[in-house]
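This report describes how selected strands, helices and loops are arranged in one protein chain. Please keep the sequence and the structure in view while reading.

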Amino acid sequence: MADGFQSGAFQHTVKTPAMFAGVGVHTGEFTQVAVRPADTDAGIVFVRVDITDRDNRVPVSPQAVCKTQLGTVIENAAGVTVATIEHLMAALVMSGIDNAVVELDGPEMPIMDGSSWPFLKILDRAGRRPQAAARRFIEIIDTVEVVDGDKRAALKPALQFEVAFAIEFPTAVIGRQEIDLAMDEAAFRRELADCRTFGFLHEVEALRAMGLARGGSMDNAVVIEGDRILNPEGLRRPDEFVRHKALDAIGDLYVLGAPILGRFEGELAGHSVNNQLVRALAERPDAWRVVTFADEIAVAV
C-alpha cells in the first residue's frame, strides 16, 4: 500500500527549481514563484523574497493559517502572510513532494487557471528527487469531526487516503453534488486536478469592496450567473464544483505537514471548516499517529 501511495516510502523534494508566475485571484497582483529543493524533514516553507526587514519565512502548519475566507492564508510571528496556498499544496502532496522552499515576490500565490493542473505540470518539469529519509504519514486511528452550523468535516480511520465531499447550492447548474474517491497520485491527476474554483457574478462587487476577487476572471474561475455558466468553454466535468472542493480540502489538509492515511469527509465545508478540522486533529494526539514504511520496503527489497 505505502509503496504505491504518493511516490512511496521515502521523502522527496524537487530535482530542479520549478519557476512560474501569474496573478493572484484576490489581490490581482502579479507574482513570480520559484519552488526550490529543500533538505529532508524541512517540510513546505514559503518565503516572501519581497520582504527583507523582518522574518520572511512562513512554514505551513495548522496554527499558521490566519484567514480562510475564500482561500487559505498563512502567517508567521512577524506578521508576514502568504495567501491562496491550497491549490499548490494539493499539487505538492499528491505529487509526492515532502520538502520544498516556495519563494515568491508578492502576497499571494498565482491562481493560474483556478485548478491544480498547471502546478502539477510545472512540478513534473522540475522532476522529483528521492531523499534518504522515511516519509512520515499521519495515520488516523480515531474519528475527529467538527460541525459548524450546516457544515461538517471529519477524518476517520481507513486503509488508504479517501476523500468524500458533498455540496449543495440553489442553482440548477450545481444543485447537490457528491463524490467519494480513493485518492492517490494517479487518481488525483485523473479525477480532481483540473477542476477549477468557482464564484457567483452577483457576489463579485461585494467581494472586490472587501479587497477580494480583484484578479478573478473567467480565465481562472468558473463564473455562475443565476442558472447559467458564463464561461464560453463551459465546464470541464459536470460535477466540477464538488471536485474542486475536494481538491481544496486536500491542499488544506497538507498544512498538517504529512500525507494522510485515513478518510476525509466534507459536507458543505470550506477552508474555515477544513482548518477547524486540522486544528482539532492536532489537539487530539490520541486520534492519530505518525507512521513510516521505509523499513518494511527495505526488508521487502
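Strand S13 (residues 151-156) and strand S20 (residues 263-267) run antiparallel and are joined by five bridges. Within this pair, Ala 153 of S13 faces Gly 266 in S20. The model discussed here is a predicted one. S13 also has strand S12 (residues 144-148) as an antiparallel partner, again through five bridges. There, Ala 153 in S13 is the residue opposite Val 146. Two residues separate the strands in the hairpin of S12 and S13, and Gly 149 in this hairpin has a positive phi near 65°.

A second hairpin is formed by S2 and S3. Strand S2 (residues 18-23) pairs with strand S3 (residues 30-37) in the antiparallel sense, over six bridges. Ala 21 has Gln 32 in S3 as its bridge partner. Six residues lie between the strands of this hairpin, where Gly 28 adopts a positive phi near 75°.

Which side chains of S2 are buried, and which are not? The side chains alternate along the strand: Ala 18, Phe 20 and Gly 22 point to one face and are buried. Met 19, Ala 21 and Val 23 point to the other face and are not buried.

The strand pairs for which the bridges are described in this report are collected below.

| Strand pair | Sense | Bridges |
|---|---|---|
| S2 (residues 18-23) and S3 (residues 30-37) | antiparallel | six bridges |
| S12 (residues 144-148) and S13 (residues 151-156) | antiparallel | five bridges |
| S13 and S20 (residues 263-267) | antiparallel | five bridges |
| S11 (residues 137-140) and S21 | antiparallel | four bridges |
| S16 and S17 (residues 222-225) | parallel | three bridges |

Strands of a sheet can pair in either a parallel or an antiparallel sense, through backbone hydrogen bonds. Two open sheets illustrate how strands are ordered. One of them has three strands in the order S19-S11-S21, and its pairing is mixed. Strand S19 (260-261) and strand S21 (288-291) stand at its edges with a single partner strand each, so one side of each has no neighbour in the sheet. S11 and S21 are antiparallel and share four bridges, and Ile 138 stands opposite Val 290 in S21.

Another open sheet of three strands, also described as mixed in pairing, follows the order S16-S17-S18. Its edge strands, S16 (198-200) and S18 (228-229), each pair on one side only. S16 and S17 pair in the parallel sense over three bridges, and Gly 199 has Val 223 in S17 as its bridge partner. Two helices lie across strands of this sheet. Helix H4 (residues 201-209) lies across S16 and S17 and runs at about 90° to S16. H5 lies across S16, S17 and S18, at about 130° to S17.

Helix H1 offers a view of helix packing. Two packed helices are described by the angle and the distance between their axes. The axes of H1 (residues 86-94) and H2 (residues 117-126) come within 9 Å and cross at roughly 45°. H1 and H2 are therefore oblique to each other. The crossing of H1 past H2 is right-handed. On the H1 side, the contact is made by His 87, Leu 88, Ala 91 and Leu 92, and on the H2 side by Phe 119, Leu 120 and Leu 123. By class, this contact comprises six nonpolar residues, one polar residue and no charged residues.

How many of the nine residues of H1 are buried? Nine of its nine residues are buried, and the helix is mostly covered. Among the elements covering them are strand S4 (44-48), strand S9 (100-104), H2, helix H3 (185-191), helix H5 (240-253) and helix H6 (271-282). After H1 comes Gly 96, with a positive phi near 80°.

A final example concerns a loop residue. Ile 51 is found in the loop between S4 and strand S5 (57-59). Is Ile 51 buried or exposed? Ile 51 counts as buried because its relative accessibility is 9%, and buried means under 20%. Setting aside neighbours within four places in sequence, Ile 51 is in contact with Asn 56 and Val 80. Ile 51 and Gly 106 are 55 residues apart in sequence, and their C-alpha atoms are 8.7 Å apart in space.

Terms used
Residues numbered from 1 in each chain as written. Predicted model: local features only at pLDDT ≥ 70, side-chain atom pairs only at ≥ 80, totals over all residues. Heavy atoms only, no water. Axes fitted to C-alpha atoms, helices over the stretch in contact; angles between N-to-C directions. Parallel < 35°, antiparallel > 145°, perpendicular 65-115°, else oblique. Left-handed = near helix turned anticlockwise from the far one by under 90°. Contact = heavy atoms within 4.5 Å. Nonpolar A, V, L, I, M, F, W, Y, C, P; charged D, E, K, R; others polar. Buried < 20%, exposed > 50% of the residue type's maximum accessible area, 1.4 Å probe, protein only. Pairing = 2+ DSSP bridges.
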